[in-house]
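Load the model in your viewer and keep the selection panel open. The stops below go from the whole chain to single strands.

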Amino acid sequence: DFGSGTTASSRAALVVANVQTNTGAPLPGNDFSTQLLASTTSNGDVRASVQNLVGGALNVNDSSVTASATGNAAVGVISAAGNRAALDASSALTSVQVNTLAPVQSSNMNSDIVATIGTGLTNSPVNVNGSLQQASATGNQGAQTLSLSATDLHVKGTAGSLDTGVHSNYIHLDAFNVGALVTSAQTSVQSSTTALTSAANVLLDASHTTANVTGSALSATGGTQDAIALGGSAANNLTLSATTLSGNAGLVNAQGTDASSPTSANVSASSVQLLAGNSGANVVGSPLTVSGNLQRAIAYGATASNTVNIGANTANVPASGGTASNVSLNLFGHPYVEAQYGLLNDQSTQSSVTAGVNASATPSFGISVGANLDGTSATNDGNAVLAVGYGNQAANGMTLAVNTLVVPTPGYANVASVTNAQKVGDDANVSASSVSGAALVRTTVAGGVTQASVTASGNEVQTLAYGNRANSNTLAVTATSLSSVKTTGSVLTGSLNS
C-alpha cells in the first residue's frame with residue numbers, strides 16, 4: 001500500500017527496490033504544513049549587442065533559460081546480459097514514489113534572450129535561433145529496466161497474478177508468484193504540480209540604426225517557450241531473451257492523484273519579436289525571418305510507457321485457467337491480470353489538469369518594419385501555439401516472439417495479457433486553452449513594400465484536452481507452432497457504472 005503511510009516489500013533472488021517519499025511536517029493540533037518543492041528562475045537574461053556591425057555577424061543561438069522541479073526521481077536497472085549458458089533466478093525491480101502535502105512548483109519569470117544592433121547594420125547576418133525558455137515540474141518520475149538473457153533462462157514463478165487498486169489517497173498493488181517482475185507505483189496526495197513560464201521574450205532589435213539596414217539577413221527561428229507539468233511520469237521495460245525460457249514475467253504500473261492534487265502548466269505574456277528599421281532607416285535587401293517557433297503548455301495527470309519483450313526458441317508455459325484479465329470500470333475497481341506474461345497499467349486522476357497559453361497585447365510571433373521594405377522579404381511562417389491537457393496517458397506494448405510455445409496437456413494457458421485501466425474522477429476537469437489580447441502572429445510594415453514579399457503562412461494555434469488516452473495497447477505474437485491452445489474464442493463480460 002502506497003500513500004501517506006507507505007509500506008512496500010519485494011522478495012526474489014535479484015532485487016532492486018526504490019522507495020521515495022516527500023511529506024509535510026506535523027504541527028500542533030493534528031495539523032500539517034506543506035513541504036514545498038520549488039525551483040524559480042527570475043530575470044535570467046542572455047544579451048548581446050553591437051553598436052555598428054559592418055561585414056560581420058552577431059549570433060545568439062541555442063541559448064536556454066530554464067527552471068525545473070521534481071518531487072521524486074529514480075532510475076532502476078537489473079541487467080544480466082551476455083552469452084551465459086544458464087540463469088536460474090527470480091528477479092524483482094520495484095519503485096515506489098509518494099508525495100504527501102508536498103506540492104512541486106517550477107517558475108521561469110522575466111527571461112529575455114536578446115540581440116541588439118545600435119547605429120548601423122550592413123552586410124552582416126544577425127541570428128537569435130534555437131532558444132529555449134522553459135519551466136518543468138514533475139511530481140514523480142521513474143524509469144525502470146529489467147533485462148535478462150541466457151541460453152537456458154529459468155525465472156521461476158508459476159500461476160502469477162498482478163492486482164492494483166488506485167484509490168482516492170493511496171495505491172494498492174500486489175504481484176504474486178511472478179518470476180521476473182517490474183512494478184512502479186506513484187501517487188500524489190494533497191500535492192499539486194505546477195509549471196509557469198511568464199514574460200519569456202526573444203528579441204532581435206535592429207530598429208535604432210541611423211542608416212538603412214542593408215544586405216543583412218535577420219532571423220529569430222526554432223525557439224521554444226514552454227511549461228510542462230507532469231503529476232506522475234513512468235517508463236518501464238521488461239525484456240527476457242533465451243533459447244529455452246521457463247517461468248513467468250509481469251510488469252505493473254499504477255499512478256494516482258487525489259482530489260487535492262491538481263496539475264497545471266501555463267505560458268503567459270511571452271513572445272518572439274524581430275524589429276528592423278525606423279522612420280529614418282529602411283530595410284533594404286535584408287530578409288527578415290521569424291519561423292518554426294513554438295509556445296506550448298502541456299499538463300499530464302499521469303503518463304506512462306510500458307513495454308514487455310519476450311523472445312525465445314522454446315517457451316514452457318504451465319497450464320492455467322480462470323480469467324486472464326479482469327477490469328472493473330468504477331472508482332474503486334481492482335484491475336487484475338493472471339497470465340504467464342502480463343502487463344497491467346492502472347491510472348487514476350482525481351484532480352483537475354489544466355494547460356494554458358495566454359498572450360499579452362504583444363503578438364506571440366511578430367515582425368515589425370519601421371519604414372520601407374525594399375527588395376527583400378518578411379517571413380513570419382510556421383509558428384505554433386499549443387496547449388494540451390491529459391488526465392491520463394499511456395502507451396502499452398508487449399511482443400511475444402517464440403518458435404515453440406508449449407503448454408502441458410490436457411489444459412490450456414493464459415499466455416499473455418495487456419490490460420489498461422484509466423479513470424478520471426467526477427470533479428476532475430481536464431482543460432486546455434489559448435487566450436490572446438492581440439493577434440498571435442502579426443507582421444507590420446510602416447512604409448511601402450517595393451519588390452519585396454510579406455508572408456504569414458502555416459502558423460497554427462491548437463488546444464487539445466484528453467480525459468484518458470491510450471496511444472497504444474498492443475500485443476504482437478509470432479510463433480512457429482502453438483500447442484494446447486484454447487479454441488473456444490474470447491469472451492468479454494462486465495458492467496460499467498457511472
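Colour the chain by secondary structure: 0 helices and 43 strands appear, where helices (H or I, at least four residues) and strands (E, at least two) are DSSP runs, numbered from the N terminus. The model is predicted, so local features need pLDDT of at least 70 and side-chain atom pairs count only at pLDDT 80 or more, while totals for chains, interfaces and linings use all residues. Residue numbers start from 1 along each chain as its sequence is written, and side-chain values use heavy atoms, with hydrogens and water left out.

Stay with the whole chain. Of its 498 residues, 50% count as buried, meaning under 20% relative accessible area with a 1.4 Å probe, protein chains only. Among contacts (heavy atoms within 4.5 Å) between residues at least 6 apart in sequence, 90% join residues at least 24 apart.

Next, select β2, β10, β17, β23, β31 and β37. In that order they form an open sheet of 6 strands with parallel pairing; two strands pair if DSSP finds at least two bridges between them. β2 (14-23) and β37 (416-424) stand at the edges with a single partner strand each, so one side of each has no neighbour in the sheet. From one strand to the next, the twist averages 0°, as an angle between N-to-C directions on a scale from 0 to 180 degrees, with axes fitted to C-alpha atoms.

Zoom to residues 341-349, strand β31, which is joined to β37 by 9 bridges. Tyr341 has Ala416 in β37 as its bridge partner.

Now show side chains on β5, residues 37-42. Which of them are buried? Leu37, Ser39 and Thr41 point to one face and are buried, whereas Ala38, Thr40 and Ser42 point to the other and are not.

Finally, add strand β11 (residues 104-109), which runs parallel to β5 and is joined to β5 by 6 bridges. Ser42 has Met109 in β11 as its bridge partner.
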